[in-house]
Amino acid sequence: MIGKYSEYYNKAPEQIAAEHMAKGRRRKAVFLLEQAGLIGLIILFMMGSSSGALFYILILASVALDIRYAMKGGKHFQNLSEILLADCDPVKYRRVMEIFLADKRNRRARSTLLLECALAEFHEDRPSDALRRLQEVTYKSPKNFRWIRKYNVEALCRNEVGDFNGRNVCLQKLEQYRVSFQKAAKNRKIMDDLLLDLNVIFKPAGQWDAADAVRIRERVTLADNRLDQSRWMVREAVYELLHGNREKAYDLLAEAERGPLTPGTRMWIERIKSQ
């Protein structure tokens, strides 16, 4: 079982948010200083240098700084997902996102923050609240990859509340994204795997066949985070119970319970044990 906690495990949401924003300000200050230096060199070049090659090198260096700054910011934000993926703490994760939402400097990231709040609420076993959040999530470009994340989370939530027509609309949207990628593309493989997983998740457990069991066990083995591994392990336990392997099923549930669980997964296990 994956059991490594994140760097945020023993920190309060307020501390996490404050440290994240402080790092962001320091990173921006360094970026502005670097850009100012390059702009100064470009101005000096325009005033007297005759080397066209040097001018283009300086311009390319400025563009590279922009790209590096954006990539570091994205990675810095993505690291926060370990609160959910490693620590299985959607309440803390949602609280951090809500602190960011309250900061007017994050207005341009509002939809992304709302989407992360909705994901957290799904794992808190609050799919209706998550769906209300998702109503506000939108992106200007239809090519924005976060649309896929939105439709994925929305499909999971609609399935939980019994809105199967709405769930299927989301699946259709995801399929449209899947076929828009070339067959050999990395994103096509990502979408293939996502839709295969959702097919198993949305199929009634009583209809799971041997191929579904193989997929479930594969996801347990290949999971790269505690959250996904624990949820696929519970599905494997359900499969074993339905096929009369009670001892193996309870061993799987016990293994899943050896580490942190989201409220949604814990309630799921309790429902299974109460049957």
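**Figure 1. Long-range contacts dominate the fold of this predicted model.** Take contacts between residues at least 6 apart in sequence: in the protein chain, 59% of them join residues at least 24 apart. The secondary structure comes to 13 helices and 0 strands. From the N terminus on, the elements run α-α-α-α-α-α-α-α-α-α-α-α-α. The chain has 275 residues, and buried residues make up 43% of them. Its accessible surface comes to about 15700 Å². Carbon and sulfur atoms account for 56% of that surface.

**Figure 2. Helix H7 is largely enclosed by the rest of the structure.** H7 covers residues 146–160, 15 residues in total. From first C-alpha to last, H7 reaches 21 Å, close to the 21 Å expected at 1.5 Å a residue. Of its 15 residues, 12 are buried, so the surrounding structure largely encloses H7. Among the buried residues are Trp147, Ile148, Tyr151, Val153 and Leu156. Lys150, Glu154 and Arg158 are buried too. The buried residues pack against four helices: H5 (110–123), H6 (127–134), H8 (164–180) and H9 (186–202). Gly162 follows H7, with a positive phi near 85°.

**Figure 3. Arg158 of H7 forms salt bridges with Glu154 and with Asp163.** In the Arg158–Glu154 pair, the closest N and O atoms are 2.8 Å apart. Arg158 and Glu154 lie 4 residues apart in helix H7, so about one helical turn separates them. Both Arg158 and Glu154 are buried. The side chains of Arg158 and Asp163 also meet at 2.8 Å, N to O. Asp163 has 26% relative accessibility, so Asp163 counts as partly exposed.

**Figure 4. Cys157 and Cys170 form no disulfide.** The sulfur of Cys157 has its closest cysteine sulfur in Cys170, 9.2 Å away. That is too far for a bond. Cys170 is likewise in no disulfide, its nearest cysteine sulfur being that of Cys157. Cys157 is buried, at 0% relative accessibility. Cys170 is buried as well, with a relative accessible area of 2%. The structure as a whole holds 0 disulfides.

**Figure 5. A salt bridge joins Asp193 and Arg215.** The closest N and O atoms of Asp193 and Arg215 are 3.6 Å apart. The pair links distant parts of the chain, 22 residues apart. Asp193 sits in helix H9, and Arg215 sits in helix H10 (residues 210–222). Arg215 counts as buried, at 13% relative accessibility.

**Figure 6. Eight charged side chains share a network of salt bridges.** The arginines in the network are Arg94, Arg126, Arg132 and Arg133. Their acidic counterparts are Glu98, Glu121, Glu124 and Asp129. Across the structure, the count comes to 29 salt bridges.

**Figure 7. Val63, Ile67 and Met71 make a nonpolar surface patch.** The patch covers about 300 Å². Val63 has its place in helix H2 (residues 52–79). At 41% relative accessibility, Val63 counts as partly exposed.

Technical notes
Residues are numbered from 1 along each chain as its sequence is written. This is a predicted model: local features need pLDDT of at least 70, side-chain atom pairs count only at pLDDT 80 or more; totals for chains, interfaces and linings use all residues. Side-chain values use heavy atoms; hydrogens and water are left out. Helices (H or I, at least four residues) and strands (E, at least two) are DSSP runs, numbered from the N terminus. The expected span of a helix is 1.5 Å times one less than its number of residues. Buried means under 20% relative accessible area, exposed over 50%, partly exposed in between (1.4 Å probe, protein chains only). Contact means heavy atoms within 4.5 Å. Patches are made of residues with over 30% relative accessible area and no salt bridge: like charges are joined within 9 Å, nonpolar side chains (Val, Leu, Ile, Met, Phe, Trp, Tyr) within 5 Å. Accessible areas come from the Shrake-Rupley method with a 1.4 Å probe; for residues, only the protein chains shown count as cover. A salt bridge is a side-chain nitrogen of Lys or Arg within 4 Å of a carboxyl oxygen of Asp or Glu. A disulfide is a pair of cysteine sulfur atoms within 2.5 Å.
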